[in-house]
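Subject: Structure handover

Hello,

Here is the structure for you to look over. My notes on what was found follow below it.

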Amino acid sequence: MANKSGKKVVVIGTGAVGISYAFAVLNQALCDELVLIDLNEKRVSAEARDLRHGVLYAQSPIKVKQGDYSDCADADIVCICAGVPQKVGETRLDLIDNNLKVYHAVVSEVMKNHFNGIFLVATNPVDVLAYATWKFSGLPAERVIGSGTILDTARLCNCLGKAFGVAPVSVDAHMIGEHGDSVIAAWSTAYIAGVPLKDALDNLGNGAERMAEIHANVRDAAYSIIEGKGATYYGIAMGLARITQAILRNQNVVLTVSALLDGKYNQEDVYIGVPAVLNSDGIARVIEKPLDEQEQAQFEKSANILRGYQEKVADYLK
């Protein structure tokens, strides 16, 4: 049941990603009530107080508080950022065993309190944990959304905007597949100012080499950031805030999120990063991009990798 007093967002896990997301939500005035939940009550109490001290200068007077799982009952969005973060030398998929345990416990507690809103999954490996959240919660798949490749797409558009001297928002390009090492740049459907990006890159010279370099930069960005400062959180927080805005303001905007496929891209029963229309119902529909033969093969490989890790979820459903 929706919160009658306004839009309500609950953030579970106030580590670097969770609190950066909470700050973005406050700063952009995306909801009316913002609730923080964390096992570390001293930390979460301090975070809530710190955020409240900024409300005077926010766009609207959002109510910010430390809460508990009972606050999920009337929440519009529960964003789960809890879990073990990626360390230097680890892939996102290396985190699966520990974070599945965390998610099984968290989702169970949320659902005990009759949550009937939309789950937003941020923890890595995000695709597998979105699938797990869907299975653990019993909610319709359109109301369980992973952050997917929203950050990868932002990184791609940033690189291409720099290459062509345009704002990233003026680049029409997507990263799809796993939010991880098998992520794919959908070059065949990418455009800039109506010009196919493959042609535009060729016009700059060494198009194939440039595409390979940009793809590698996007794919490996997290590794270099983690090496430099220990974690990535501002970019994904902004992406999560954009998803939140699309949902709470019923925007019907297309964003690359982790969604359940039921035949699109010739794939079934897998959560994976794809463009999808988002509104107040969650995922209104998945957009199937007309990939070329190589991209389709790469996407199938990525989906198979994720399905292999999804099998671990079954152990929690027995």
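Ser147 touches Val121, Ala122, Val126, Ile236, Leu240, Ile243, Thr256, Val257 and Ser258, leaving aside residues up to four places away in sequence. This is a predicted model, so please read everything here in that light. Ser147 sits in the loop between β6 (144-146) and α5. Its relative accessible area is 2%, so Ser147 is buried.

**Helix α4**

One of the contacts of Ser147 is Val126, and Val126 is also among the buried residues of α4. Helix α4 covers residues 126-137. Its twelve residues should span 16 Å at 1.5 Å a residue, and the end C-alpha atoms are indeed 16 Å apart. Eleven of the twelve are buried, so the rest of the structure largely encloses α4. The buried set is Val126, Asp127, Val128, Leu129, Ala130, Tyr131, Ala132, Thr133, Trp134, Phe136 and Ser137. They pack against α3, β5 (118-121), β6, β12, β13 (268-279) and α10 (293-310).

Look at both ends of this helix. Ahead of α4, Pro125 lies in the loop that runs from β5 to α4. The peptide bond between Asn124 and Pro125 is cis, with omega at about 0°. After α4 comes Gly138, with a positive phi near 75°.

**Backbone points to check**

Most residues other than glycine have a negative phi, and most peptide bonds are trans. Two asparagines are worth a look on that score.

- Asn250 has a positive phi of about 50° and is not a glycine. It is in the loop between α9 and β12. Its relative accessible area is 41%, so Asn250 is partly exposed.
- Asn266 also has a positive phi, near 60°. It is in the loop between β12 and β13. At 65% relative accessibility, Asn266 is exposed.

**Helix α7**

How long is α7 from its first C-alpha to its last? It reaches 18 Å, close to the 18 Å expected at 1.5 Å a residue. The helix has 13 residues, 207-219. Gly207, Met211, Ile214, His215 and Val218 are buried in α7. Down the helix axis, these buried residues fall within an arc of 100°, so they line one face of α7. Glu209 and Glu213 are exposed, on the face turned away from the buried side. The cover over the buried residues of α7 includes α5 (150-164), β8 (175-176), β9 (184-185), α6 (197-204) and α8 (221-229).

**Pockets**

Rolling a probe the size of a water molecule over the atoms shows where empty space is left. Two pockets are described here.

The largest pocket has a volume of about 840 Å³. It is lined by 40 residues, and the closest to its centre are Cys81, Ala82, Gly83, Val84 and Thr123. The elements giving two or more residues to this lining are α1 (16-27), α2 (41-52), α3 (96-112), α5 and α8. The largest share comes from α3, with four residues. By type, the lining of the largest pocket has 20 nonpolar residues, 13 polar and seven charged.

The second largest pocket holds about 550 Å³ of space. Of its 20 lining residues, Ile150, Thr153, Ala154, Cys157 and Leu255 are the closest to the centre. Which element gives the most to the lining of the second largest pocket? That is α5, with seven residues. At least two lining residues each come from α5, β7 (171-172), α9 (234-248) and β12 (253-262). The lining of the second largest pocket divides into eleven nonpolar residues, six polar and three charged.

Helix α5 therefore turns up in several places: it gives two or more residues to the lining of the largest pocket, contributes to the second largest, and is part of what covers the buried residues of α7.

**One last residue**

Gly308 is in helix α10. At 35% relative accessibility, Gly308 is partly exposed. Gly308 and Val270 are 38 residues apart in sequence, and their C-alpha atoms are 9.8 Å apart in space.

Best wishes

Definitions and conventions
Residues numbered from 1 in each chain as written. Predicted model: local features only at pLDDT ≥ 70, side-chain atom pairs only at ≥ 80, totals over all residues. Heavy atoms only, no water. Expected span 1.5 Å × (residues − 1). Buried < 20%, exposed > 50% of the residue type's maximum accessible area, 1.4 Å probe, protein only. Arc of directions from axis to C-beta. Contact = heavy atoms within 4.5 Å. 1 Å grid on protein atoms, 1.4 Å probe; cavity = no way out; pocket = protein on both sides within 12 Å on 5 of 7 lines; lining within 4 Å. Points joined across faces, edges and corners; volume = space filled by probe spheres on them. Nonpolar A, V, L, I, M, F, W, Y, C, P; charged D, E, K, R; others polar.
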